[in-house]
Amino acid sequence: MGSVWSLGRVGAGGVGRKFITLTMPFLAFAPGGQAEMTVLTIVVGADLGYVIVDHLLRMFLVITCAPLAAKLLFSLSKKQRA
């Protein structure tokens with residue numbers, strides 16, 4: 001939970017917020033689809049812009065970094081076998 005709070009603080013600066021509640025980073029980094037997170041954010045009363053920006057940033061990073069990490073791990077595994 002501490003890492004979610006830290007990442008949430010970084011994301012808050014990106015959308016121009018001076019403060020965040022504990023609910024906002026929890027919703028931003030919770031697993032689920034964009035539509036579900038949007039509805040849940042509205043129901044809870046958290047900042048919709050913050051949650052959407054952090055959620056999209058997280059999805060973008062996973063999509064771009066996962067293939068790079070897999071390639072790196074595969075090449076390290078291949079070197080250890082040789």
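Buried, for today, means under 20% relative accessible area. Keep that cut-off in mind, please. Thr38 has a relative accessible area of 19%, so Thr38 counts as buried. We will come back to that residue.

First, the overall picture. What you see is a predicted model. The protein chain averages a pLDDT of 76. Of its residues, 76% score at least 70. Confidence is lowest in helix α1, residues 2-14, where the mean is 52. Confidence is highest in α4, at 87.

Now the layout. The protein chain has four helices and zero strands. Read from the N terminus, the order is α-α-α-α. The chain has 82 residues, and 22% of them are buried. About 5,700 Å² of the chain is exposed, and carbon and sulfur atoms supply 73% of that area. On to contacts. Take those with a separation of 6 or more: residues 24 or more positions apart account for 41% of them.

Next, the inside. Which residues make up the largest nonpolar core? There are seven: Ile20, Met24, Leu27, Ala28, Ala46, Tyr50 and Val51. Two elements give two or more residues to this core, namely α2, residues 23-28, and α4, residues 48-81. The top contributor is α2, with three residues.

Let's stay with Leu27, one of those core residues. What does Leu27 touch, beyond residues up to four places away in sequence? The list is Met37, Leu40, Thr41, Val44, Ala46 and Val51. Ala46 and Val51 are also in the core.

Thr41 is on that list too, so let's turn to helix α3, where Thr41 sits. Is Thr41 buried or exposed? Its relative accessible area is 0%, so Thr41 is buried. Set aside neighbours within four places in sequence, and Thr41 contacts Leu27, Ala46, Asp47, Leu48 and Val51.

Back to Thr38, as promised. Thr38 is also in helix α3, which covers residues 34-44. With the same kind of neighbours left out, Thr38 is in contact with Leu48 and Ile52. Leu48 is on the contact list of Thr41 as well. Remember the values: Thr38 is at 19%, while Thr41 is at 0%. Both fall under the 20% cut-off for buried.

Now for the surface. Val43 lies in helix α3 as well. Why does Val43 count as exposed? Exposed means over 50% relative accessible area, and Val43 has 64%, so Val43 counts as exposed. Val43 also belongs to a nonpolar surface patch, together with Val39, Leu40 and Val44. That patch has about 360 Å² of accessible area in total. Two of its names came up before: Leu40 and Val44 are in contact with Leu27.

One last stop, Leu22. Where is Leu22 found? In the loop between α1 and α2. Leu22 has a relative accessible area of 52%, so Leu22 is exposed. Leu22 and Ala46 are 24 residues apart along the chain, and their C-alpha atoms are separated by 9.6 Å. Ala46, you will recall, is part of the core.

To wrap up. Four helices, zero strands. A largest nonpolar core of seven residues, with α2 giving the most. In helix α3, Thr41 is buried, and Val43 is exposed. And when you look at α1, keep its mean confidence of 52 in mind.

Terms used
Residues numbered from 1 in each chain as written. Predicted model: local features only at pLDDT ≥ 70, side-chain atom pairs only at ≥ 80, totals over all residues. Heavy atoms only, no water. Core = buried A, V, L, I, M, F, W, Y, C linked by side-chain atoms within 4.5 Å. Buried < 20%, exposed > 50% of the residue type's maximum accessible area, 1.4 Å probe, protein only. Contact = heavy atoms within 4.5 Å. pLDDT = per-residue confidence, 0-100. Areas by Shrake-Rupley, 256 points an atom, 1.4 Å probe, with all protein chains shown as cover. Patch = residues over 30% accessible without salt bridge, like charges linked within 9 Å, V, L, I, M, F, W, Y side chains within 5 Å. Salt bridge = Lys/Arg side-chain N within 4 Å of Asp/Glu carboxyl O.
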